[in-house]
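The following exchange sets out the reasoning behind several terms used for a protein model. Each reply places a computed value beside the criterion that applies.

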Amino acid sequence: MDINQIKALLFDMDGVLIDSMRYHTKSFLQAFRKYDVKIKEEKIYNLEGKEDIYIIKDILEQKNLENLDSKKIAKERREIFNQIERTKVFDGMPELLKKITKEYELSVVSGSTRRNLNNFVNKFYPNIFDCLVSGDDLSNQKPHPEPFEKCVKGVNIEKDEAIAIENAPLGVESVKNAELACIAVATYVQPQSLKEADIVFENHKELKAYLKNNFL
Ligand SMILES: [Mg+2]
C-alpha cells in the first residue's frame with residue numbers, strides 16, 4: 001500500500017469505532033441459554049462481522065439444532081442487547097476522526113443493522129462520515145467482498161486509494177477479498193488471528209498513533 005495515494009479510510013464499527021462487542025456477545029449467550037444452547041464467548045468474537053441471524057444459524061448448525069427458530073432467537077437477542085448495552089467510544093477516536101475527515105473521505109462498513117449503525121454514528125460520530133454501509137444494504141455479508149466493494153463505489157474511488165480498518169478475522173477476510181489494504185486492531189481477539197491484514201495493531205493506542213502520523 002502506498003500511503004500517498006490514499007484518499008479514503010473505511011472503518012468497521014463494532015470493535016473499531018465503538019466498544020460494543022462485549023454486549024453483543026453477552027446477548028448471544030443469554031438468548032441461547034433460554035434454549036439450553038451453551039457456547040463459549042470466543043465463538044462469538046470469532047464470528048464478529050456476520051449479521052446476527054447468520055451467527056445464530058452457524059451455531060445451531062454446528063450443534064445440530066437446526067430445528068430451533070433462528071429468526072426468533074435473533075429477535076430475542078436484539079431485545080436483550082438493547083436492554084444491556086452500555087456502548088462507549090474508544091477514547092479519542094471521535095476527536096481524531098473529526099480532524100482527519102477534513103482531508104479524507106471517511107466511511108463506515110458494518111454488518112450491523114441500518115438502525116443500529118445510524119444510532120451509534122449519530123450518537124458518537126456525528127458529521128464525520130461520507131458513506132455508511134450497513135448489513136441491511138447488502139446481499140452478502142463479511143467475509144464476502146461486497147460490503148467493502150460497495151463502499152468503495154459509494155465514495156467513488158479506486159481500490160488502491162482506500163484503507164479499511166477492521167478488528168475481526170471475518171472482517172479482515174472481507175477486506176482482502178475486496179482487494180483493499182487492511183489495518184487490523186486486535187480489540188477482542190489475538191493479533192495472530194488477524195495476520196492476513198497488512199498491518200496489525202495490538203490496541204487502539206497504537207492505531208491512533210498510526211492514524212495521527214499518517215493522516216493528520
Ligand atoms: Mg468489528
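Q: In which helix is histidine 204 found?
A: In this predicted model, histidine 204 belongs to helix H9, which comprises residues 204-215.

Q: Why is histidine 204 called buried?
A: The relative accessibility of histidine 204 is 8%. Buried means under 20% relative accessible area, so histidine 204 counts as buried.

Q: Which residues is histidine 204 in contact with, leaving aside its neighbours within four places in sequence?
A: The contacts of histidine 204 are Gly15, Val16, Phe90, Met93, Val185 and Thr187. Contact here means heavy atoms within 4.5 Å.

Q: What makes Asp12, Asp14, Glu48 and Asn167 donor residues of the magnesium ion?
A: A donor atom must be within 2.8 Å of the metal in this case. Asp12 (OD), Asp14 (O), Glu48 (OE) and Asn167 (OD1) coordinate the magnesium ion at 2.0 to 2.1 Å, so they satisfy the limit of 2.8 Å. In sequence, the spacing of these donor residues is D-x1-D-x33-E-x118-N. Aspartate 12 and aspartate 14 are both buried.

Q: How do you know that glutamate 76 and lysine 72 form a salt bridge?
A: The distance from N to O between their side chains is 3.6 Å. The cut-off for a salt bridge is 4 Å, so the pair of glutamate 76 and lysine 72 qualifies.

Q: Why are glutamate 76 and lysine 72 separated by about one helical turn?
A: Both are in helix H4 (residues 70-84), where they are four residues apart.

Q: Which of these two residues is buried and which is partly exposed?
A: Glutamate 76 has a relative accessible area of 14% and is buried. Lysine 72, at 41% relative accessibility, is partly exposed, because that class lies between 20% and 50%.

Q: What makes lysine 142 and glutamate 166 a salt bridge?
A: Their closest N and O atoms are 2.8 Å apart, and the limit is 4 Å. Lysine 142 is in the loop between strand E5 (131-133) and helix H7 (146-154), whereas glutamate 166 is in strand E6 (residues 162-166), so the pair ties together parts 24 residues apart in sequence. Both lysine 142 and glutamate 166 are buried.

Q: Why are lysine 176 and aspartate 198 called partly exposed?
A: The relative accessible area is 29% for lysine 176 and 42% for aspartate 198. Partly exposed is the class between 20% and 50%, so the term applies to lysine 176 and to aspartate 198. The side chains of lysine 176 and aspartate 198 meet in a salt bridge of 2.8 Å, N to O.

Q: How do you know that the buried residues of helix H5 are on the same side of H5?
A: In helix H5 (residues 93-100), the buried residues are Met93, Pro94, Leu96, Leu97 and Ile100. They cover an arc of only 160° around the axis, and therefore they are on the same side of H5. These buried residues pack against strand E1 (8-11), strand E3 (88-89), strand E4 (105-109), helix H6 (114-124) and H9.

Q: What gives the most to the lining of the largest pocket?
A: The largest pocket has a volume of about 500 Å³. Of its 27 lining residues, those closest to the centre are His24, Arg77, Ser112, Thr113 and Asn116. H6 gives the most to this lining, with five residues.

Definitions and conventions:
Residues numbered from 1 in each chain as written. Predicted model: local features only at pLDDT ≥ 70, side-chain atom pairs only at ≥ 80, totals over all residues. Heavy atoms only, no water. Donors = N, O, S within 2.8 Å, 3.2 Å for Na, K, Ca; no water. Buried < 20%, exposed > 50% of the residue type's maximum accessible area, 1.4 Å probe, protein only. Helix = DSSP H or I, 4+ residues; strand = E, 2+ residues; numbered from the N terminus. Arc of directions from axis to C-beta. 1 Å grid on protein atoms, 1.4 Å probe; cavity = no way out; pocket = protein on both sides within 12 Å on 5 of 7 lines; lining within 4 Å. Points joined across faces, edges and corners; volume = space filled by probe spheres on them.
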